[in-house]
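Here's a quick briefing to read alongside the model. Keep the viewer open and click through as you go.

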Amino acid sequence: MNNDNILTQVFEKLNVYLKKDTLIDYKTPDELHNAINFSIAEKGVSESEFLALINKYLDYSVNTNHPQFLNQLYAGFNFPAFIGEIFTALANTSMYTYEVAPVATLIETEMIQLMNSYTGYKNGDGIFVSGGSNANLVALFSARNKIAPESRHQGYDKNLKLRAFINEHAHYSFSNAANIIGIGTESLIKIKADENGQMVPEALEKEINASKQRGEMPFFVAVTCATTLLGAYDPIDEIAEICKKQNIWLHADGSFGGSIVLSNKNRYLLKGLEKTDSFAWNPHKLMNIPLICSALLVKTKGTLHHNLADVDADYLFHDLNLIEDLGKKSIQCGRRVDAVKLWFAWKYFGKEGYEKRIDNLIDLAQLAEQKVLNRTNLELLAPRQSFTICFRYIPEIEVDINQFNLQLREELRKSGKSLVNYGYIGEKLAIRLVITNGEMQEKDVTLFFELLLETASVLEKKYNRIKSF
Ligand SMILES: Cc1ncc(COP(=O)(O)O)c(C=O)c1O
């Protein structure tokens, strides 16, 4: 194969892909098996076959850059970050030592400092991790190692009865984390949220006290900064007071909504952030950095080193004393260079540019909420707090509303015109519209509602026909 030739053609394909206006060309698994030969043969493919495979991969993948990709908490194409991703792969290295990643080490260090200038951690530290779930894991792990440092060597002593407290709507990664660090999922106590989805501080305090009375040891509270479905922000300031009084580690899971810290206008939702002990911040969501780009920030330097039990790897860390090797505070050995694409993007947009992007998301979410409120056949199922709008369509015909909305979102999905997700608020199925693509414009929100209402109307007619049949 001729690398030059392939590269030229690949860049042409990139250009074509970026102009593509199809969201998705849906295929069933069987159809995909027919369209693409997934198996690996003894002999490698030719140049033209190789290029054809790229086409097929792109043809049948979801175009998450599309402004109607409204399904997940990540979306959009971020040009400078994309360039950063390519060059990161080109200079392929691992983040463990300065020796093999000199520029990337300084970039990650700079990014952690910059991010901490927003959290308000004056003596802070941090590390890029492989996603928000893992940021939550490392936070829980750090809290466990603070309260029970001997666990690092002897394993967790069950008699300690450590207990962690989370919003009932918190992300499922906390269950996995509790499992992994050995306290077990039953040590995770879910705190009632109010009708906005926010943790109720009084309920938290009551549960902490009840836990203590049972002879348990509360050691960790996580507030969520934008819950996955409702986009709700827990009241950090009030909860921080409780944690201070009770001497409990307070973690803020900003995996989804943490980037709001960049906005002067909207940062009030994170009031009290500087009082937390750790903060999960996922630039691969609201900052539109290609997956994965995620950091765990901690309030106190030394926390991350302390987590690890005697790193004894002189074959890797040579302690040249030039600068700290970042690998010594990570639970990973090989680690992707995820800070560089963030750095390229932040350089490109500047602090001001990113603030505008976040504000744009909130403005568009407000617009979407207004569109729901303005239509009598749309019902807002929870007050909007940030980037998600949970609503449903109320058909005029007599029909199971959940079933209708489920079908509505399915029809929309299958049409390939717009992709939106859903979840349940109590018994009610809610269509969750999430605005996370910084390039989105008002016209994209308008088009979404046009497509949804059009699809709903066709569906209603279909139901009517079946009824009168
Ligand atoms: C509130 C919250 N926490 C954690 C996560 C997990 O983040 P990641 O997907 O990067 O592991 C998510 C993902 O959607 C989330 O919404």
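Setting aside neighbours up to four places off in sequence, Thr-88 is in contact with Val-337, Val-340 and Lys-341. That's a long reach along the chain: the C-alpha atoms of Thr-88 and Arg-336 are 8.7 Å apart, with their positions 248 residues apart in sequence. Bear in mind that this is a predicted model.

**Around Thr-88**
- Thr-88 itself sits in helix H4, which covers residues 79-90.
- Is Thr-88 buried or exposed? Neither quite: Thr-88 has 19 C-beta neighbours inside 10 Å, and since 20 is where buried begins, it counts as partly exposed.

**Overall build**
- The protein chain has 14 helices and 12 strands.
- For 469 residues, a compact globule would come out near 23 Å in radius of gyration, so the 24 Å of the protein chain agrees with that.
- If you're setting up a box, the C-alpha atoms fill roughly 70 × 65 × 45 Å along the principal axes.
- Buried residues account for 43% of the 469 in the protein chain.
- Among contacts with a separation of 6 or more, 73% join residues 24 or more positions apart.
- Two domains are assigned, domain 1 at 3-63 and domain 2 at 83-345, and their centres, taken over C-alpha atoms, are 37 Å apart.

**The nonpolar core**
- The largest nonpolar core holds 124 residues, and the ones with the most contacts inside it are Leu-140, Val-221, Ala-295 and Leu-296.
- Which helix gives this core its largest share? Helix H12 (residues 339-374) does, with 15 residues.
- Take Val-221 as a way in: beyond its neighbours within four places in sequence, Val-221 contacts Phe-165, Leu-204, Ile-239, Cys-243, Ile-248 and Leu-250.

**The ligand shell**
- There are 14 residues around the ligand, and Gly-131, Gly-132, Ser-133, His-171 and Ser-255 come nearest.
- By type, the shell splits into 11 polar residues, 2 nonpolar and 1 charged.

**Backbone oddities**
- Some background first: most residues other than glycine have a negative phi, and most peptide bonds are trans.
- Asn-247 isn't a glycine, yet its phi is positive at about 55°.
- You'll find Asn-247 in the loop between helix H10 (236-246) and E6, and it is exposed, with just 9 other C-beta atoms within 10 Å.
- Asn-288, also not a glycine, has a positive phi of about 60°.
- Asn-288 lies in the loop between E7 and E8, and because it has 26 C-beta neighbours inside 10 Å, it counts as buried.
- Where is the cis peptide bond? The bond from Leu-291 to Ile-292 is cis, with omega near -5°.
- Ile-292 is placed in the loop between E7 and strand E8 (294-298).

**Glu-274**
- Glu-274 is in the loop between strand E6 (249-254) and strand E7 (278-281).
- With 18 other C-beta atoms within 10 Å, Glu-274 comes out as partly exposed.
- Leaving out residues up to four places away in sequence, Glu-274 touches Thr-119, Gly-120 and Tyr-121.
- Thr-105 is another matter: Glu-274 and Thr-105 are 169 residues apart in sequence and 25 Å apart in space, C-alpha to C-alpha.

**Tyr-57**
- Tyr-57 belongs to helix H3, residues 47-60.
- Why does Tyr-57 count as exposed? Because it has 10 C-beta neighbours inside 10 Å, and the exposed class takes in 12 or fewer.
- Between Tyr-57 and Ile-36 the C-alpha to C-alpha distance is 8.3 Å, with 21 residues of sequence separation.

Key. Residues are numbered from 1 along each chain as its sequence is written. This is a predicted model: local features need pLDDT of at least 70, side-chain atom pairs count only at pLDDT 80 or more; totals for chains, interfaces and linings use all residues. Helices (H or I, at least four residues) and strands (E, at least two) are DSSP runs, numbered from the N terminus. The radius of gyration is taken over C-alpha atoms; the globule rule is 2.2 Å times the number of residues to the power 0.38. Two residues are in contact if their C-beta atoms, placed from the backbone, lie within 7 Å. Domain bounds come from an automatic or database domain assignment. A nonpolar core is a set of buried Ala, Val, Leu, Ile, Met, Phe, Trp, Tyr and Cys residues joined through C-beta atoms within 7 Å. A residue is near a molecule or strand if its C-beta atom, placed from the backbone, lies within 6 Å of it. Ala, Val, Leu, Ile, Met, Phe, Trp, Tyr, Cys and Pro count as nonpolar, Asp, Glu, Lys and Arg as charged, and the others, Gly among them, as polar.
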